[in-house]
Amino acid sequence: MEKSDAKKIWRGIPASPGIAIGKAFLLDKKEIKIIENRLQATQVEGEVIRFKNALEESKKEFLKLKEDLTRKAGVEQAKIFEAYLLILEDDFINQQVINRIRKEQGNAEFIYQKIVQETINKVSLSKDEHLKDKTSDINAVSVRVLNNLLGLKQYSLESVTSPAIIVAHSLSPGDVVQMSRANILGFAIDTGGKTSHVVLLAKSLGFPAVVGLKDFYSEVKPGEKLILDGERGEIILSPDDFTLKNYQAKKEKLLERDKSLLELAELVAETKDGRKLKLSANIELPSDAEVAIKNGAEGVGLFRTEYLYLARYNLPGEEEQYQAYSAIAKRIHPRKVVIRTFDMGGDKFMHIPGRPYEANPFLGWRAIRACLDLPDIFRTQLRAILRASTFGNILLMFPMISSLEELIRAKEFLNEVKADLKRERVMFDHKLKVGIMIEVPAAALEADSLAKECDFFSIGTNDLIQYTLAVDRANEKVAYLYQSFHPSVLKLIKTTIDEGHKNEIFVGMCGEMAADPKATVFLVGLGIDELSTSPYAVPQIKKIIRSIEFKEAQKLTGEVMKLKDVKEIQKLMEEDYQHRFSNRKV
């Protein structure tokens with residue numbers, strides 16, 4: 001979080017895009033203060049039963065919330081509450097509570113709150129951001145149990161009767177589910193990160209949101225006028241008339257632009273002189289496919305399967321995965337969908353027994369490395385993907401391949417699973433195309449050898465940049481060194497495209513650079529075959545592609561590749577973008 005006193009601007013983590021303008025509604029979740037009470041020996045077993053009843057009542061409430069969310073956002077999003085149910089039924093916590101009620105003869109709420117706090121304190125010490133994000137889940141479950149033990153009424157955001165921006169120290173998915181679209185304009189939260197369940201829900205339900213604002217809640221007055229910019233991660237307090245008019249105009253312009261860009265949905269991504277590209281979407285949930293299609297995506301260039309375990313505490317089985325992959329294949333058909341195998345580890349917490357502690361998980365046991373070491377998990381996912389491939393529009397992609405040996409081992413697993421399915425007479429697509437992500441410099445430099453062993457490349461620029469420049473993209477202290485247009489990064493991208501084409505395989509890009517409008521002309525000039533962006537970026541990138549000529553793009557690319565300094569490259573791309581598009585509605 002960053003505060004600017006001069007303009008009363010608070011900066012947090014951009015969670016869900018969009019602009020909201022309205023009054024602040026402070027969600028006052030008072031801390032539950034519990035006093036310790038000693039019980040008579042004859043009261044102990046009754047206290048244990050009271051605790052078990054509170055757990056059962058909480059379970060019913062979570063199941064009801066799951067049902068409500070299923071209606072609003074779909075089955076996949078509703079699985080968030082499965083994680084809550086797993087926490088609620090966790091014997092590690094519950095049995096401790098029961099044992100200590102019997103041993104200490106204390107009241108259930110006091111002992112339960114104490115054990116939960118001890119658990120949260122331990123989890124908070126983890127260096128794994130995804131694991132730390134789970135503390136909000138544990139807290140949300142404990143608040144519900146404590147309220148049921150104390151007979152307190154659960155707070156409902158349905159009681160917000162006039163349009164407002166919700167400001168809270170914390171929000172649970174249960175809170176978000178109860179939000180009324182008519183009155184909730186967006187929300188600003190002190191806690192939370194990019195991987196929290198609330199962020200996933202905000203995007204799915206269309207609420208502009210900023211999280212990670214630290215102490216913002218304590219600085220806001222009820223009813224105070226706010227501007228919330230979910231794309232920039234900014235909150236402006238008590239804006240003056242000029243700022244209000246400026247943001248209102250910006251909001252209307254965005255709506256107008258989005259409407260005009262959507263008119264391109266049925267058109268192909270083709271330059272004025274006939275160079276065609278495939279413009280696809282990156283999605284995290286099967287339900288995101290609808291937005292991708294609406295915005296004119298020609299397919300799904302990256303389906304991140306991590307949501308299947310990020311929102312829960314156990315790994316999904318084969319049937320559950322098969323249903324998820326089948327759902328996306330059906331929904332997107334006849335368009336193609338590239339399913340990436342689990343990119344476990346790194347910044348994505350995986351709840352696996354025996355998982356080693358890692359001081360630097362980005363350079364450790366993650367993605368294909370973890371999958372190859374966990375054959376049962378890997379084979380289960382491969383079986384599910386192969387079974388779903390009968391729809392004929394699925395492609396398979398392995399993440400973070402860094403050597404030819406890794407790719408060959410991964411393909412051996414795939415061939416073994418194919419042989420098993422064939423023996424079992426289970427149908428699958430025998431012509432399933434297999435690709436890899438190029439996100440490690442070693443893979444880009446070995447692109448020629450790798451291209452001979454796969455059907456396509458997809459360049460993951462986010463990791464490629466951080467690994468090439470040795471910059472942790474999540475570290476604020478070195479964020480200025482994370483430079484998309486660094487000459488070494490651009491050379492690796494060009495090498496990958498050239499070697500892929502030399503071996504007659506198509507080369508796509510699914511990292512953030514693919515969604516950067518200032519990079520589009522350059523990438524077209526490099527000869528990229530596919531750009532896969534967020535669903536919301538598809539219309540703008542398509543507009544740019546359709547407004548240029550391929551030979552013009554090649555000329556810019558040639559000029560860029562001659563430059564040695566990143567600032568010169570950035571200046572050239574910025575000037576080219578402004579020259580071409582500053583006076584257009586792009």
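This note goes through a predicted model point by point, from the whole chain down to single residues.

1. **Overall make-up.** The chain has 586 residues, and 54% of them are buried. Its secondary structure comprises 24 helices and 18 strands. Among contacts with a separation of 6 or more, 68% join residues 24 or more positions apart. The exposed area is about 27100 Å², and carbon and sulfur atoms supply 50% of that.

2. **Helix α19.** This helix covers residues 461-469. It is mostly covered, with 8 of its 9 residues buried. The buried set is T461, N462, D463, L464, I465, Q466, Y467 and L469. Charged and polar names such as D463, N462 and Q466 are on that list. What do these buried residues pack against? Their partners are three strands, β15 (434-438), β16 (456-459) and β17 (506-509), together with two helices, α17 (441-445) and α20 (487-502).

3. **The end of α19.** Just after the helix comes A470, with a positive phi of about 55°. A470 is not a glycine. Most residues other than glycine have a negative phi. A470 sits in the loop between α19 and α20. Is A470 buried or exposed? Its relative accessible area is 72%, so it counts as exposed, the cut-off being over 50%. The mostly covered helix is thus followed by an exposed residue.

4. **R425, another positive phi.** R425 is also not a glycine, and its phi is positive at about 60°. It belongs to the loop between α16 (404-423) and β15. At 79% relative accessibility, R425 is exposed. Strand β15 is also one of the elements that the buried residues of α19 pack against.

5. **A cis peptide bond.** Most peptide bonds are trans. The bond from H333 to P334 is cis, with omega near 5°. P334 is in the loop between α13 (318-332) and β13 (336-340).

6. **N107, a buried loop residue.** Where is N107? It lies in the loop between α4 (91-104) and α5 (108-124). Its relative accessible area is 4%; the cut-off for buried is under 20%, so N107 counts as buried. The N107 side chain reaches the backbone nitrogen of N37 at 2.8 Å. Leaving aside residues up to four places away in sequence, N107 touches I34, I35, E36, N37, L39 and E47. N37 therefore appears both as the polar partner and in the list of touching residues.

7. **Helices α21 and α24.** Helix α21 spans residues 517-526 and helix α24 spans residues 566-581. They pack with their axes 9 Å apart, at an angle of about 95°. Angles of 65 to 115 degrees count as roughly perpendicular, so α21 is roughly perpendicular to α24. On the α21 side, the contact is made by P517, K518, V521 and F522. On the α24 side, it is made by M573, E574, D576, Y577, R580 and F581. An α-helix has 3.6 residues a turn, so residues three or four places apart point the same way.

8. **Cysteines.** How many disulfides does a search of the whole structure find? It finds 0. Two cysteines are worth a look all the same. C454 counts as buried because its relative accessibility is 6%. C510 counts as buried because its relative accessibility is 4%.

How values were computed:
Residues are numbered from 1 along each chain as its sequence is written. This is a predicted model: local features need pLDDT of at least 70, side-chain atom pairs count only at pLDDT 80 or more; totals for chains, interfaces and linings use all residues. Side-chain values use heavy atoms; hydrogens and water are left out. Buried means under 20% relative accessible area, exposed over 50%, partly exposed in between (1.4 Å probe, protein chains only). Helices (H or I, at least four residues) and strands (E, at least two) are DSSP runs, numbered from the N terminus. Contact means heavy atoms within 4.5 Å. A disulfide is a pair of cysteine sulfur atoms within 2.5 Å. A polar contact is a pair of N or O atoms within 3.5 Å; within protein, one must be able to donate a hydrogen and the other to accept it, and residues adjacent in sequence count only if both atoms are side-chain atoms. Accessible areas come from the Shrake-Rupley method with a 1.4 Å probe; for residues, only the protein chains shown count as cover. Axes are lines fitted to C-alpha atoms, for helices over the stretch in contact, and angles run from 0 to 180 degrees between N-to-C directions. Angles under 35 degrees count as roughly parallel, over 145 as roughly antiparallel, 65 to 115 as roughly perpendicular and the rest as oblique.
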